[in-house]
Every structure is written in C-alpha cells, then in structure tokens.
Amino acid sequence: MQSSHALIFPMFVHVAWTFLLYGALTVARAPVVWKFGLSVDGKNPFADIEPRVSANLRNQFEWPLFFHIVCLLLIVNPTWFTPVHVALAWVFITGRLLHSLVQVFTANVRARGLVFTINFLAVLAMWILVVFGR
C-alpha cells in the first residue's frame with residue numbers, strides 16, 4: 001500500500017522541470033543579455049524560442065499551483081489519500097512535460113490545448129477525490 005508521501009516525487013519532478021525551464025530561458029536570453037553566443041549577423045539565435053520558453057515557465061505557476069496544494073493536503077491528511085492520487089499525479093506530470101514540449105517546440109495550439117485538458121482533468125479528479133471521496 002502506498003502512502004501519501006508517494007506524492008513527493010511527482011511534486012519534485014515538477015519543481016525540477018521548472019528549474020530546467022529557468023535554465024533554458026537563461027540560455028535563450030544569454031546572447032542578448034551577455035552578448036554571448038550571438039549569430040554572425042549579431043542576432044539572438046534563440047529569438048524565436050525565447051518567448052515560448054518564457055510563456056511556458058509562467059504556465060508552471062498557474063494550474064500547477066492547485067496540483068501542489070492538493071498534494072500537500074493529502075500528505076498532511078493521509079486518511080484522505082488513495083493510490084489513485086499517485087496515478088493522477090503522474091498523469092499530471094507527464095502532461096506538464098508534454099505541454100512544455102508542445103508549447104516550446106511547436107505552434108500547435110490544438111495539441112497544447114489537448115495536453116492542458118489532460119493536466120486539468122487529472123488535478124480536478126484529485127480534488128474531487130479529496131472533497132467527495134471521503
């Protein structure tokens with residue numbers, strides 16, 4: 001039987017992913033900020049991707065907030081916890097990673113919306129289980 005502490009690892013994966021996005025944003029901005037890595041014509045070779053990484057990084061502090069809150073509630077109140085919460089947490093994390101990849105590397109808004117919907121429903125299901133599953 002899993003304990004509610006099994007939620008800490010998916011939470012950590014999200015934090016680590018956000019840290020990596022900060023690193024990617026730093027690299028994407030480096031040519032402009034530090035004049036390091038400019039292309040031969042003096043432009044930022046990451047100019048197209050920088051705004052997408054920045055937007056995705058902002059997204060990591062919107063809906064994921066509700067994921068972290070529900071996880072903390074489950075850790076503090078383990079009697080509310082079910083193993084389904086861990087499965088939903090991993091669905092959410094997988095969706096977050098896919099959402100980032102779609103948003104940063106494509107302009108496919110439809111695919112991004114689909115992946116976001118999966119994220120949204122996973123966290124919503126976690127909350128429904130907490131509120132009504134007891």
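## How the helices pack

The crossing of α1 and α4 is left-handed; a crossing gets that name if the near helix is turned anticlockwise from the far one by less than a right angle, and is right-handed if clockwise. Helices here are DSSP runs (H or I, at least four residues; strands would be E, at least two), numbered from the N terminus.

A word on the model itself. It is predicted, with local features needing pLDDT of at least 70 and side-chain atom pairs counting only at pLDDT 80 or more, while totals for chains, interfaces and linings use all residues. Residues are numbered from 1 along each chain as its sequence is written, and side-chain values use heavy atoms, leaving out hydrogens and water.

**Helix α1 and its partners**

With their axes 9 Å apart, α1 and α4 pack at an angle of about 10°. Axes are lines fitted to C-alpha atoms, for helices over the stretch in contact, and angles run from 0 to 180 degrees between N-to-C directions. The two helices are therefore roughly parallel to each other (angles under 35 degrees count as roughly parallel, over 145 as roughly antiparallel, 65 to 115 as roughly perpendicular and the rest as oblique). On the α1 side, the contact is made by Phe9, Pro10, Val13, His14, Trp17 and Leu21, and on the α4 side by Ala89, Trp90, Ile93, Arg96, Leu97 and Ser100. Contact means heavy atoms within 4.5 Å.

Helix α2 also packs against α1, at an angle of about 155° and with the axes 9 Å apart. That makes α1 roughly antiparallel to α2. This crossing, too, is left-handed. Here Thr18, Leu21, Tyr22, Ala24, Leu25, Ala28 and Arg29 of α1 meet Glu50, Val53, Ser54, Asn56 and Leu57 of α2.

**Helix α3**

Helix α3 runs over residues 64-76, and its 13 residues reach 18 Å from first C-alpha to last, close to the 18 Å expected at 1.5 Å a residue (the expected span is 1.5 Å times one less than the number of residues). Which residues of α3 are buried? They are Pro64, Phe67, His68, Val70, Cys71, Leu74 and Ile75. These cover an arc of only 165° around the axis, which puts them on the same side of α3; the arc is that of the directions from the helix axis to the C-beta atoms. Their cover includes α1 (8-33), α2 (50-59), α4 (83-105) and α5 (109-132).

The axes of α3 and α5 come within 10 Å and cross at roughly 30°. That makes α3 roughly parallel to α5. Residues making the contact are Phe66, Phe67, Ile69, Val70, Cys71, Leu73 and Leu74 of α3 together with Val123, Met126, Trp127 and Val130 of α5.

**Three residues to look up**

Buried means under 20% relative accessible area, exposed over 50%, and partly exposed in between, with a 1.4 Å probe and protein chains only.

| Residue | Helix | Relative accessibility |
|---|---|---|
| Histidine 99 | α4 | 4%, buried |
| Glutamine 103 | α4 | 8%, buried |
| Alanine 24 | α1 | 33%, partly exposed |

Not counting residues up to four places away in sequence, histidine 99 touches Asn56, Asn59, Arg112, Val115, Phe116 and Asn119. On the same basis, glutamine 103 is in contact with Arg52, Ala55, Asn56, Asn59 and Arg112. Finally, alanine 24 lies 101 residues from alanine 125 in sequence and 31 Å from it in space, C-alpha to C-alpha.
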